[in-house]
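Q: I would like to learn how to read strands, sheets and pockets from a coordinate file. Can we work through one example?

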Amino acid sequence: MQVVAAFEPSYLRLGRIPVGAIRTETVKVTAKDPAGLKITGLKPSNPDRIEARVVQGKQGTSIEVKIKAGEKEGRMSESVVATTNLKSPKEIRLHISGTVSKDLWADPPRVFFAGFDKRSLPTTVVKVASLSGAKFQLKGVTDKTGAVSGQVEHSDKGWKVVLSLKNKPESNAGMLQIRTDSKKQPIIEVPYTVGMRSRTRRGARNAAIRGKALPKAIPGISPKPVRRLMRRPPPGKTK
């Protein structure tokens, strides 16, 4: 089934955009009848951030979109609605998404620890990269609460920090500060959370909800398997 009219692509995924950057993209408009299609209007979701204009060329109709990242870090979700001269569709929509970020960025942007275990300290890894490809060094990691420690490592693949929950935290949330040699970004902040619900506990809770408690183990005796509730009634006997 051929589309009557649409943007190609209909989703413009920009990835990470530097703070303050201005990016221009051209998106094609496809139509079943290109000669009979006209874009009669363009409406950006946020005119302060998105500008759009129609462009006519040898390849047909397209729109030029100018995206202003702005100074605020975080996810960006915008759109451009184009009105057409057609009875259907009267409007076509272009979705625009991305993340506004400083040059040095952490992946993941926040970390989670399942819970403190003295016998096996929970660990996780955070990678740090540069959007512009600038050279930098990591100097260390600080957690003001003293619950999390970090070891900086460098290899051909780049910089990373190996984090360990070495002490039982007083709070289930905190903020890590990764120190760098960058004058513009001497600190990269990475929030962390402690105490996610484990799958084992969730599985036990779901079993209880189904009306069957988990059997207790008795030394020397194997517990009887729990019969599952049948979702469908057994087939009737044939006469």
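The dialogue below takes up a sheet, a residue and a pocket in this predicted model.

Q: What holds the strands of a sheet together, and in what order do they stand here?
A: Strands of a sheet pair through backbone hydrogen bonds, in a parallel or an antiparallel way. In this model, an open sheet of 4 strands follows the order β9-β11-β14-β13, and the pairing is antiparallel.

Q: Which strands stand at the edges of this sheet?
A: The edge strands are β9 (104-107) and β13 (148-155). Each has a single partner strand, so one side of each lacks a neighbour in the sheet. As for twist, neighbouring strands of this sheet are turned by 25° against each other on average, with direction ignored.

Q: How many bridges join β11 to β14, and how many join β9 to β11?
A: Between β11 (residues 123-130) and β14 (residues 158-165), which run antiparallel, there are 6 bridges. T124 has L163 in β14 as its bridge partner. The antiparallel strands β9 and β11 are joined by 4 bridges. There, A106 is bridged to V128 in β11.

Q: Which residues of β9 are on the covered face, and which on the uncovered one?
A: L104 and A106 make up the covered face of β9. W105 and D107 make up the uncovered face.

Q: Is S101 buried or exposed?
A: The cut-off for buried is under 20% relative accessible area. S101 has 2% relative accessibility, and therefore counts as buried. S101 belongs to strand β8 (residues 91-101).

Q: Which residues does S101 touch, leaving aside those up to four places away in sequence?
A: The contacts of S101 are with R16, I17, P18, V19, E73 and L131, once residues up to four places away in sequence are left out.

Q: What is the volume of the largest pocket, and which lining residues are closest to its centre?
A: The volume of the largest pocket is about 370 Å³. It is lined by 17 residues, and those closest to the centre are R16, E73, A106, P109 and E189. Two of these names have come up as contacts of S101, namely R16 and E73, while A106 was named on the covered face of β9.

Q: Which strands supply the lining, and what classes of residue does it have?
A: β8, β9 and β16 (187-194) each give at least two residues to the lining of the largest pocket. The largest share, 5 residues, is from β16. Sorted by class, the lining has 9 nonpolar, 4 polar and 4 charged residues.

Key
Residues numbered from 1 in each chain as written. Predicted model: local features only at pLDDT ≥ 70, side-chain atom pairs only at ≥ 80, totals over all residues. Heavy atoms only, no water. Buried < 20%, exposed > 50% of the residue type's maximum accessible area, 1.4 Å probe, protein only. Contact = heavy atoms within 4.5 Å. Pairing = 2+ DSSP bridges. Axes fitted to C-alpha atoms, helices over the stretch in contact; angles between N-to-C directions. 1 Å grid on protein atoms, 1.4 Å probe; cavity = no way out; pocket = protein on both sides within 12 Å on 5 of 7 lines; lining within 4 Å. Points joined across faces, edges and corners; volume = space filled by probe spheres on them. Nonpolar A, V, L, I, M, F, W, Y, C, P; charged D, E, K, R; others polar.
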